[in-house]
Amino acid sequence: IERRLAARGIAPRVVGDLRVSDAETMAEVREVVGAMRLEIEAAFSFGSRGGALTGAGCRIASGNFVLARPAGIIEGVDLMFTGLVRSVDARAIAARLEAGDIVLLAPLGYSPTGELFNLKAKDLAATVAAEAGASKLLMLTERDGIAAEQGGIARQLTLRGA
């Protein structure tokens with residue numbers, strides 16, 4: 001998303017640790033997320049139907065598992081379509097997992113009125129992991145680790161440290 005915004009000449013605005021998602025930014029977010037979702041689904045389809053993972057039967061389930069709410073106004077700035085997780089349908093996710101599906105969640109959430117909100121991926125991942133009762137959360141990012149309170153980068157955290 002960052003690369004796409006830069007290529008389009010859209011300077012990201014950040015308030016605190018949240019990106020301001022105006023309509024122009026959301027259009028780019030939708031395109032990037034949609035394209036990535038299709039690439040991931042295609043990769044798993046190839047693997048289950050003749051590729052390196054023949055017979056694995058990988059199915060991808062995605063959908064409106066996450067409800068969001070607007071982040072609102074922070075430091076006098078309206079974050080517009082930037083959202084915060086309102087709730088996660090952990091039962092529906094568990095049902096898909098029990099059926100053998102891989103659940104693919106984009107960093108997007110839907111309002112009860114159908115609006116789409118841009119969510120911070122790491123916040124979404126942590127909330128879903130907690131709601132699902134996960135024993136571990138692994139995050140693959142472009143960074144080498146997580147910024148530690150005392151400075152530097154933490155590459156792993158204990159529960160207490162997290």
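This report walks through a predicted model of one protein chain, from its overall make-up to a few single residues.

## The chain as a whole

Let's start with the big picture. The chain has 162 residues, and 27% of them are buried. Its secondary structure consists of 4 helices and 12 strands. The surface that the chain exposes comes to about 10,900 Å², and carbon and sulfur atoms supply 54% of that area.

How does the chain fold back on itself? Take the contacts between residues with a separation of 6 or more: residues 24 or more positions apart account for 56% of them.

## How confident is the prediction?

Since this is a predicted model, it helps to look at the confidence score. The average pLDDT of the chain is 86, and 89% of the residues score at least 70. Among the helices and strands, strand 4 has the highest mean pLDDT, at 97, while strand 11, made of residues 146-147, has the lowest, at 71.

## The nonpolar cores

In soluble globular proteins, nonpolar side chains tend to be buried together. Which residues form the largest nonpolar core here? There are 10 of them: Phe 65, Val 66, Ala 68, Val 88, Ile 93, Val 103, Phe 117, Leu 119, Leu 124 and Val 128. Two elements, strand 4 (66-70) and helix 4 (121-132), each contribute at least two residues to this core. There is also a second, separate core of 6 residues, and its members include Met 26, Val 29, Ala 106 and Leu 108.

Phe 117 is a good residue to click on. Once its neighbours within four places in sequence are set aside, Phe 117 is in contact with Met 26, Ala 68, Arg 69, Pro 70, Met 80, Phe 81, Thr 82, Gly 83, Pro 107, Leu 108, Gly 109 and Ser 111. Ala 68 on that list is a fellow member of the largest core, whereas Met 26 and Leu 108 belong to the second one.

## A cavity inside

Rolling a probe the size of a water molecule over the atoms shows where empty space is left. In this structure there is 1 cavity of 30 Å³ or more. The volume of the largest cavity is about 60 Å³.

Which residues line the largest cavity? They are Arg 37, Gly 63, Val 66, Leu 104, Leu 105, Ala 106, Leu 108 and Tyr 110. Some of these names may look familiar: Val 66 is part of the largest core, and Ala 106 and Leu 108 are part of the second core.

## Two residues of helix 2

Helix 2 covers residues 23-48, and Thr 25 is found in it. Is Thr 25 buried or exposed? Its relative accessibility is 4%, so Thr 25 counts as buried. Beyond its neighbours within four places in sequence, Thr 25 is in contact with Leu 5, Ile 10, Arg 19 and Val 20.

Glu 28 also sits in helix 2. Glu 28 counts as buried because its relative accessible area is 9%, and the cut-off for buried is under 20%. Leaving out residues up to four places away in sequence, Glu 28 touches Arg 4, Leu 5, Arg 8 and Ile 10.

## Loops around strand 6

Most residues other than glycine have a negative phi. Glu 75 has a positive phi of about 50°, although it is not a glycine. Glu 75 lies in the loop between strand 5 (73-74) and strand 6 (77-78), and with 68% relative accessibility it counts as exposed. Met 80 has a positive phi too, near 55°. Met 80 belongs to the loop between strand 6 and strand 7 (83-88), and its 33% relative accessibility makes it partly exposed.

Phe 81 lies in the loop between strand 6 and strand 7 and is partly exposed, with a relative accessible area of 29%. Apart from neighbours within four places in sequence, Phe 81 is in contact with Ser 21, Asp 22, Ala 23, Met 26, Glu 115, Leu 116, Phe 117 and Asn 118. Phe 81 and Thr 25 are 56 residues apart along the chain, and their C-alpha atoms are separated by 8.9 Å.

## One more pair

Ala 94 lies in helix 3, residues 90-98, and is partly exposed at 28% relative accessibility. From Ala 94 to Ala 132 there are 38 residues in sequence, and 7.3 Å in space from C-alpha to C-alpha.

Conventions
Residues are numbered from 1 along each chain as its sequence is written. This is a predicted model: local features need pLDDT of at least 70, side-chain atom pairs count only at pLDDT 80 or more; totals for chains, interfaces and linings use all residues. Side-chain values use heavy atoms; hydrogens and water are left out. A nonpolar core is a set of buried Ala, Val, Leu, Ile, Met, Phe, Trp, Tyr and Cys residues joined through side-chain atoms within 4.5 Å. Buried means under 20% relative accessible area, exposed over 50%, partly exposed in between (1.4 Å probe, protein chains only). Contact means heavy atoms within 4.5 Å. Accessible areas come from the Shrake-Rupley method with a 1.4 Å probe; for residues, only the protein chains shown count as cover. pLDDT is the predictor's confidence in each residue, from 0 to 100. On a 1 Å grid over the protein atoms alone, a cavity is a set of points where a 1.4 Å probe fits but cannot get out, and a pocket is an open set with protein on both sides within 12 Å along at least five of seven lines; lining residues have an atom within 4 Å of a point. Grid points are joined across faces, edges and corners, and a volume is the space filled by probe spheres set on the points.
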